[in-house]
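I opened a notebook page for this structure and wanted to work through it slowly. My plan was to look up one topic at a time and to write down what I found.

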There are 2 protein chains.
Amino acid sequence: MARPRSFDRDHVLHAAERQFRTSGYNGTSVDDLSAATGLGRGSLYAAFDGKHGVLLQAMTGYFARLGQFAPKALAGPDEGALERLRRYLLRAVHGVPLADDVPPAPDRAAAACFAAKMALEIGASDPEVERTAKACFSAIATAVAECVRAAQRNGDIDPDADPDDLAYLLLTIIRGIDVVGAAGHSPARLTSIAESAFALLPRPRHR
Amino acid sequence: MARPRSFDRDHVLHAAERQFRTSGYNGTSVDDLSAATGLGRGSLYAAFDGKHGVLLQAMTGYFARLGQFAPKALAGPDEGALERLRRYLLRAVHGVPLADDVPPAPDRAAAACFAAKMALEIGASDPEVERTAKACFSAIATAVAECVRAAQRNGDIDPDADPDDLAYLLLTIIRGIDVVGAAGHSPARLTSIAESAFALLPRPRHR
DNA sequence: CGAGTTCTGTACTGAGTTGTCAATTACGGC
DNA sequence: GCCGTAATTGACAACTCAGTACAGAACTCG
């Protein structure tokens, strides 16, 4: 019985995320957010409680997307598990896309993981941001670990390897690729890094 | 025949680096820099050409320090090369210190590699920053590659492995540890990651 | 068609920002 | 001891920013 919202919440949060990933948190003004989302100042404050609120809700949305995508990309039959790990590693070369169907990003520094960028920029002084980023990383590691276990069941990875340790190592490599890419190293170099990482996965000793 | 500088240039750049690493580039105001360095506004502009100039020169200093430290930590006799690689990996757990004798940092997000932080925050829109960060990373990779070759000569690493590829992978892991640490993961977790990485280094197949 | 409720956009405020400038200070040579 | 040169200081003006307040628009229900 009142005027309905004229904007789509997720659409706005996507636009805000893109802005934050492009310019960073402190490099983004409320006017930038307003221009990027098409919302006026007042609406941003009423609906998201200002700049910091927009950031937190955008990160929460990012986390939710991740919690869907990572398992979707990594879960499956045991036979293909190793190859799924390889693809997941190689995906990092092109960065983290805004949405599953959207091209990853124009420039590499804006394509880095949203959670990683925010954690590095303001995580030290913003516990909520740090917590959300940690949750993102844990979610990825959990999905990767599950895939590692599948690969182990299929005899593609050394059964003595600890799946959780390996998963966190792979997560670290993926996030490291973001950083090395942000410094301007070529996609070819990043691909080489990802392939090297994949090649070093502990195979079962045959015999 | 004129008034000499009353400050030590390197000391000032160190203080500025600490400030930038703690608060980020856009999170640091010129007043913050002034307070951190003890220099007045005008002096900062006269000596370093303002905030951006301070950043570039601080990053250049960081690069120079790195160019000295990385080879120093990694070069040496072939026998100890593998262990030096391990120590270098484990060093990443505590972050990158401001100076060789200074404790790394209070909180983990401020302890991350200066070049990595700046590249992620403003590298996309600041080519000079991106270039300097890339140079830092390349310098590290070069030193690591040399150490890998030493370990190969000593029979500790598979001679078929490409030293440069392996070096870039190790660099990526080290920078990834920074990111995972900045998100609040425990030192124990980071240590585990570093040890896992070390354990996966390709050993020569003993006949 | 009207009333009530919520959304929307703009204008405003106070704080914080950058870059500059003239005045001051300190030193080294003469 | 004086003077020129350069560093230093503090203040200043123009600007941007975050957050708020208010007035108008839009929509639903009666």
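The entries below go from the whole assembly to single residues, and I keep in mind that this is a predicted model.

**Entry 1: how the chains are related.** I superposed chain A on chain B and noted that a rotation of 180 degrees, with 0.0 Å of shift along its axis, does this with an RMSD of 0.1 Å. That is the relation of a two-fold axis. I then looked for the C-alpha of chain A nearest the axis, and found that it belongs to A:Gly176, at 1.9 Å from the axis.

**Entry 2: where the chains meet.** How many residues does the contact take from each chain? I read 45 residues from chain A and 45 residues from chain B. On the side of chain A that touches chain B, the helices α6 (114-122), α7 (127-153), α8 (163-182) and α9 (187-199) each supply at least two residues, and the largest share, 13 residues, comes from α8(A). Sorted by class, this side of chain A has 25 nonpolar, 11 polar and 9 charged residues. I also checked whether the surfaces correspond: 100% of the interface residues of chain A are interface residues in chain B as well, so the copies meet through the same surface.

**Entry 3: the nonpolar core.** In soluble globular proteins, nonpolar side chains tend to be buried together. Here I found that the largest nonpolar core has 146 residues, and that those with the most contacts inside it include A:Val144 and B:Val144. Leaving out residues up to four places away in sequence, A:Val144 touches A:Leu74, A:Ala167, A:Leu170 and A:Leu171.

**Entry 4: helix α4 of chain A.** This helix (residues 50-74) has 25 residues and reaches 36 Å from its first C-alpha to its last, close to the 36 Å expected at 1.5 Å a residue. Among its buried residues I listed A:Tyr62, A:Arg65 and A:Leu74, and I noted that the buried residues of α4(A) pack against α1 (9-23), α2 (30-37), α3 (41-48), α5 (81-91), α6 and α7 of chain A. After α4(A) comes A:Gly76, whose phi is positive, near 150 degrees.

**Entry 5: one residue of chain B.** Is B:Leu90, which is found in helix α5 (residues 81-91) of chain B, buried or partly exposed? It is partly exposed, because 16 other C-beta atoms lie within 10 Å, while a buried residue would need 20 or more. B:Leu90 touches B:Thr191 and B:Ala194, not counting residues up to four places away in sequence. B:Leu90 and B:Phe198 are 108 residues apart in sequence, yet 9.1 Å apart in space from C-alpha to C-alpha.

Technical notes: Residues numbered from 1 in each chain as written. Chains lettered and ligands numbered in written order. Predicted model: local features only at pLDDT ≥ 70, side-chain atom pairs only at ≥ 80, totals over all residues. Least-squares fit on C-alpha atoms with pLDDT ≥ 70 in both. Contact = placed C-beta atoms within 7 Å. Core = buried A, V, L, I, M, F, W, Y, C linked by C-beta atoms within 7 Å. Buried ≥ 20, exposed ≤ 12 C-beta atoms within 10 Å, placed from the backbone. Helix = DSSP H or I, 4+ residues; strand = E, 2+ residues; numbered from the N terminus. Nonpolar A, V, L, I, M, F, W, Y, C, P; charged D, E, K, R; others polar. Expected span 1.5 Å × (residues − 1).
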